[in-house]
Amino acid sequence: MIEYIKGELVELTPTDAIVECHGIGYRILISLQTFSQLENRKDVVIYIHHYLREDEELYYGFATKDERELFRLLIGVSGVGAATARMMLSSLTSDEIRNAIIAEDINRIKSIKGIGLKSAQRLILELKDKIVKGGGADTGVILSSRNDAVVEEAVTALVLLGFTKANVNKAISAVIKENPDANLESIIKLALKKL
C-alpha cells in the first residue's frame, strides 16, 4: 500500500496533479482543498488513497493526512463513492463537513453536488458518533511536558462544549507548543481562541 508520493509537481489542475518521483509520473486525483494547498509549490508530498476496482486503478491524493482520513470515513458510508467524497471535500473544508455532520445540518450537506436528502441523512446517521469521537481525523498525539491529565481534562471540556475532537486536539496541541506551562484554565481559554 502506498502511504504518500514525494516528488516534483509537474502539472496541477483543480482536479488532478501529476507528480514525478524517480522518473515516474503519477496522475493523482485531488480535491479543490488540496489544489489550493499545492498551488505555487514545486516539491510536494501527497498522501495517497489507492482506489482499486476490477476495471480501474486510481490514486486519490491529499495535502494532509487529516483530509485523507475524512475521505476514508466518507467512502465508508453506503452510497458514497470516491467521486462523491472528493466532491464533498472540494465543496466544503474538512472542518465544515465535520461540523455540518455533528450539527445535523442536512441543508448544508445537501448543498453539495451529488448529495440528496437520503444521502445527507445517511451521512449524519452513520458518521456523527464517529466524528464526535475523533474519527476521520489524523489527530496525532498531544505532547505535554507537564501533566497529561490536565490536557485530557481540557480536551473533554471543549468536546462537551460542542467542538469536534479533531479540532480540539489541533487547538490544544498548538497551545501546548506555545505555552508549555499553561494551567487548565489558560489552555481552555487559549484553545477557544483558536477554535
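A residue is called buried when its relative accessible area is under 20%, exposed when that area is over 50%, and partly exposed in between. Leu-192, at 36% relative accessibility, therefore counts as partly exposed. The model under discussion is a predicted one, and the same classes of burial are applied below to other residues.

Leu-192 is located in helix 9, which comprises residues 184-194. Together with Leu-161 and Leu-195, Leu-192 makes up a nonpolar patch on the surface. The accessible area of these three leucines together is about 250 Å². Leu-195, a member of this patch, also serves as a reference point for Leu-158: the two residues are 37 positions apart along the chain, and their C-alpha atoms are separated by 9.6 Å. Leu-158 belongs to helix 7, residues 148-160. With a relative accessibility of 0%, Leu-158 falls in the buried class.

Helix 9 also carries a charged pair. Glu-185 and Lys-189 are joined in a salt bridge whose closest N and O atoms are 3.0 Å apart. Because the two residues are 4 positions apart in helix 9, about one helical turn separates them. Lys-189 has a relative accessible area of 48% and is thus partly exposed.

This pair introduces the salt bridges of the structure, of which there are 11. In general, side chains of opposite charge can pair when their charged atoms come close. A further example is formed by Glu-104 and Lys-128, whose side chains meet at 2.7 Å, N to O. Glu-104 lies in the loop between helix 4 (94-102) and helix 5 (106-110), whereas Lys-128 lies in helix 6 (residues 117-132), so this salt bridge ties together parts that are 24 residues apart in sequence. Both partners belong to the partly exposed class: Glu-104 has a relative accessibility of 45%, and Lys-128 has a relative accessible area of 25%.

Another salt bridge connects Glu-69 with Arg-68, the closest N and O atoms lying 3.8 Å apart. Here the partners fall into separate classes of burial. Glu-69 is partly exposed, with a relative accessible area of 25%, while Arg-68 is buried, with a relative accessible area of 3%. These two residues belong to a network of salt bridges that also includes Glu-3 and Arg-72.

Arg-72, a member of that network, leads to an annotation in the record. An unreviewed UniProt entry assigns "domain: Helix-hairpin-helix DNA-binding motif class" to residues 72-91 and 107-126. In the model, the span 72-91 is 70% helix and 0% strand, and its end C-alpha atoms lie 17 Å apart. For residues 107-126, the chain is likewise 70% helix and 0% strand, with 17 Å between the end C-alpha atoms.

The aromatic side chains may be considered next. A pair of aromatic rings is described by the distance of the centres and the angle of the planes. The structure contains 5 aromatic pairs. In one of them, the rings of Tyr-51 and Tyr-60 have centres 5.8 Å apart and planes at 85°, so the arrangement is edge-to-face. Tyr-51 is buried at 16% relative accessibility, and Tyr-60 is buried at 5%. Phe-62 and Phe-71 form a tilted aromatic pair, with 4.9 Å from centre to centre and 45° between the planes. Phe-62 and Phe-71 are both buried. Ring pairs link these two phenylalanines with Tyr-51 and Tyr-60 into a cluster.

Two asparagines complete this account. Asn-167 is part of helix 8, residues 165-178. Its relative accessibility of 11% means that Asn-167 counts as buried. The side chain of Asn-167 makes a polar contact of 3.0 Å with the side chain of Thr-164. Asn-99, by contrast, is situated in helix 4 and is partly exposed, with a relative accessible area of 37%. Asn-99 and Met-1 are 98 residues apart along the chain, and their C-alpha atoms are separated by 30 Å.

Terms used:
Residues numbered from 1 in each chain as written. Predicted model: local features only at pLDDT ≥ 70, side-chain atom pairs only at ≥ 80, totals over all residues. Heavy atoms only, no water. Patch = residues over 30% accessible without salt bridge, like charges linked within 9 Å, V, L, I, M, F, W, Y side chains within 5 Å. Areas by Shrake-Rupley, 256 points an atom, 1.4 Å probe, with all protein chains shown as cover. Salt bridge = Lys/Arg side-chain N within 4 Å of Asp/Glu carboxyl O. Buried < 20%, exposed > 50% of the residue type's maximum accessible area, 1.4 Å probe, protein only. UniProt positions renumbered as here; feature names shortened; annotations may be inferred. Phe/Tyr/Trp six-rings, centres within 6.5 Å; stacked < 30°, edge-to-face > 60°. Polar contact = N/O pair within 3.5 Å; in protein donor to acceptor, adjacent residues only side chain to side chain.
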